[in-house]
Amino acid sequence: MMDLTQKQWVKHSVFHPFEGFEDLRWKKGGSVLYASIVVLLWFVASILYNNAYGFQFFVSSEKLFSIVPYIVQTIALFLVWVVGNWSICTLLEGEGTMKRIYIYSAYALIPYVVSLYVKTLLSHVLIQDEAIFITCVSVIGTAWSVLLMFNAIKAVHQYSISKTILAIILTIVAMIIILILLVLLVALFQQVYVFVSSVYTEITYRVRV
């Protein structure tokens, strides 16, 4: 079987959606560093897409820039996907480790991430009558990444097609549950913080008096 560098493995995985991840698995290829770079590029692309998109296609209503929503929509969401998939596929006797899921899922995102950059660039050089080209880029990038993600999960866990579909559906359910729990946890910490802050304020006030 082929012996590729890490950069070549990325290219091979993206442009060979059906056998690329199988080859990646058997040769134990893939890099956490490259996967992390892809996720970081997704984060940057999301910021650019929402704040530097051509005004003739989209006008942002955001008055104050905050980096937190972009972290939640990209990095945090990706990590929840990895944890959710690992949790579900452990129960479904999947063979993938959390590290492998992280790498394969990140590689699968590459066409979608690239499409965000391309759409942002095209929004500055095209006119509204040519918006169909941006739509095509969006559809191709998204569909390509969906296909890659399906084959990535199938390869990393060595599932059949039907079991891969089931795993992805259950992963989405697990993600929703994890996100709900995280929201509840944040709300709980906020209440504890408010309580502790109120007690501290009351104590300092009485000490001064």
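The chain has 8 helices and 0 strands. Read along the sequence, the pattern is α-α-α-α-α-α-α-α. Please keep in mind that this is a predicted model.

How spread out is the chain? Its radius of gyration is 22 Å, while the globule rule gives 17 Å for 209 residues, so the chain is more spread out than a compact globule. If you take a box along the principal axes, the C-alpha atoms fill roughly 80 × 50 × 30 Å. Of the 209 residues, 35% count as buried. The accessible surface comes to about 12900 Å², and 72% of that belongs to carbon and sulfur atoms. As for contacts between residues at least 6 apart in sequence, 76% of them join residues at least 24 apart.

Now the inside. The largest nonpolar core has 33 residues. Those with the most contacts inside this core are Phe21, Phe78, Trp81, Tyr102, Tyr104, Tyr107 and Leu109. The elements that give two or more residues to the core are α1, α2, α3, α4, α5, α6, α7 and α8. Which helix gives the most? That is α5, with 7 residues.

There is also a second, separate core of 6 residues, and among them are Ile88, Leu92, Tyr159 and Ala167.

Let us stay with α5, which covers residues 98–108. Is this helix mostly covered or mostly open? Mostly covered: 9 of its 11 residues are buried. The buried ones are Arg100, Ile101, Tyr102, Ile103, Tyr104, Ser105, Ala106, Tyr107 and Ala108. They pack against α1, α2, α3, α4, α6 and α7.

One residue to look at here is Ser105, found in α5. Ser105 counts as buried because its relative accessibility is 0%, and the cut-off for buried is under 20%. Leaving out residues up to four places away in sequence, Ser105 touches Phe78, Trp81, Met149 and Ile153. The C-alpha atoms of Ser105 and Phe150 are separated by 9.2 Å, although the two residues are 45 apart along the chain.

Trp81 can be read from its own side. With the same sequence neighbours left out, Trp81 touches Ser105, Met149, Ile153, Ile168, Thr171 and Met175.

A second serine, Ser46, lies in helix α3. Buried or exposed? Ser46 is buried, since its relative accessible area is 8%. Beyond its neighbours within four places in sequence, Ser46 is in contact with Tyr70, Gln73, Thr74 and Leu116.

Last, the outside. A nonpolar surface patch of about 1100 Å² is made by Leu77, Leu179, Leu182, Leu185, Leu188, Phe189, Val192, Phe195, Val196, Val199, Ile203 and Val207. Which helix gives the most to the patch? Helix α8, residues 161–208, with 11 residues. Recall that α8 is also one of the elements that give two or more residues to the largest core.

Take Ile203 as an example from the patch. Ile203 is found in α8. Why is Ile203 called partly exposed? Because its relative accessible area is 48%, and partly exposed covers what is between 20% and 50%.

To go over the main points again: the chain has 8 helices and 0 strands, α5 is mostly covered, and α8 gives the most to the nonpolar patch.

Conventions. Residues numbered from 1 in each chain as written. Predicted model: local features only at pLDDT ≥ 70, side-chain atom pairs only at ≥ 80, totals over all residues. Heavy atoms only, no water. Patch = residues over 30% accessible without salt bridge, like charges linked within 9 Å, V, L, I, M, F, W, Y side chains within 5 Å. Areas by Shrake-Rupley, 256 points an atom, 1.4 Å probe, with all protein chains shown as cover. Salt bridge = Lys/Arg side-chain N within 4 Å of Asp/Glu carboxyl O. Helix = DSSP H or I, 4+ residues; strand = E, 2+ residues; numbered from the N terminus. Buried < 20%, exposed > 50% of the residue type's maximum accessible area, 1.4 Å probe, protein only. Core = buried A, V, L, I, M, F, W, Y, C linked by side-chain atoms within 4.5 Å. Contact = heavy atoms within 4.5 Å. Rg over C-alpha atoms; globule rule 2.2 N^0.38 Å.
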